[in-house]
Amino acid sequence: MKKFSSKYLNETNKLKYAYVGFEFEFYSKGDIPYYKLLEKLNNTFREYGITVQGIRKYHPTTKPTEKNFILTPDNSGGMSMVELITGKLNYVYARSILLKCLKFIQEYGYTNDRSSIHINLSFNEEYQKKL
């Protein structure tokens, strides 16, 4: 019987068919105002050609895309929690975005036991047809 980790660690080539979306819940460090946090996010992601749109509504109907992320309030952790939501990203690209977001939160925000990262993973239709 193969170990779980052995089986899947040897099949990482399948991740080229994967798409990843992130939802980062965090608080701003030092009570940085929402509009300033939004400005800092746009400056951070400009080099990737990504715009971060601020929507002051919990669970907005606007959907993020690969090049247009969304910053919203997240009342699940209190009035000062925000959520940065990415669009669907290919796996390789998503890894660099993950690191960039974590570094941003480390510099301008903080987390606690009420905040989290949600990771959404899917596979493209071409790959699903092969299964």
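Which residues form a nonpolar patch on the surface? In this predicted model, the patch is made by Leu-99, Leu-102, Ile-117 and Ile-119, and the views below begin with strand β4 before returning to these residues.

**View 1. Strand β4, residues 81–85, is largely enclosed by the rest of the structure.** Five of the five residues of this strand are buried, so β4 is largely surrounded by other parts of the model. Both of its faces are covered, with Met-81, Glu-83 and Ile-85 buried on one side and Val-82 and Leu-84 buried on the other.

**View 2. Strand β4 pairs with strand β1 and with strand β3 in the antiparallel sense.** Strand β1, which spans residues 18–28, is joined to β4 over five bridges, and within this pairing Glu-23 has Ile-85 of β4 as its bridge partner. Strand β3, which spans residues 68–73, is joined to β4 over four bridges, and here the bridge partner of Thr-72 in β4 is Glu-83. Ile-85 and Glu-83, the β4 residues named in these bridges, both belong to the side of the strand that also holds Met-81.

**View 3. A nonpolar patch on the surface draws on α3 and β7.** Leu-99, Leu-102, Ile-117 and Ile-119 together have about 380 Å² of accessible area. Helix α3 (91–108) and strand β7 (117–123) each supply at least two residues of this patch.

**View 4. Ile-117 is a patch residue in strand β7.** With a relative accessibility of 39%, Ile-117 counts as partly exposed, because that class lies between the limits of under 20% for buried and over 50% for exposed.

How values were computed. Residues numbered from 1 in each chain as written. Predicted model: local features only at pLDDT ≥ 70, side-chain atom pairs only at ≥ 80, totals over all residues. Heavy atoms only, no water. Buried < 20%, exposed > 50% of the residue type's maximum accessible area, 1.4 Å probe, protein only. Pairing = 2+ DSSP bridges. Patch = residues over 30% accessible without salt bridge, like charges linked within 9 Å, V, L, I, M, F, W, Y side chains within 5 Å. Areas by Shrake-Rupley, 256 points an atom, 1.4 Å probe, with all protein chains shown as cover. Salt bridge = Lys/Arg side-chain N within 4 Å of Asp/Glu carboxyl O.
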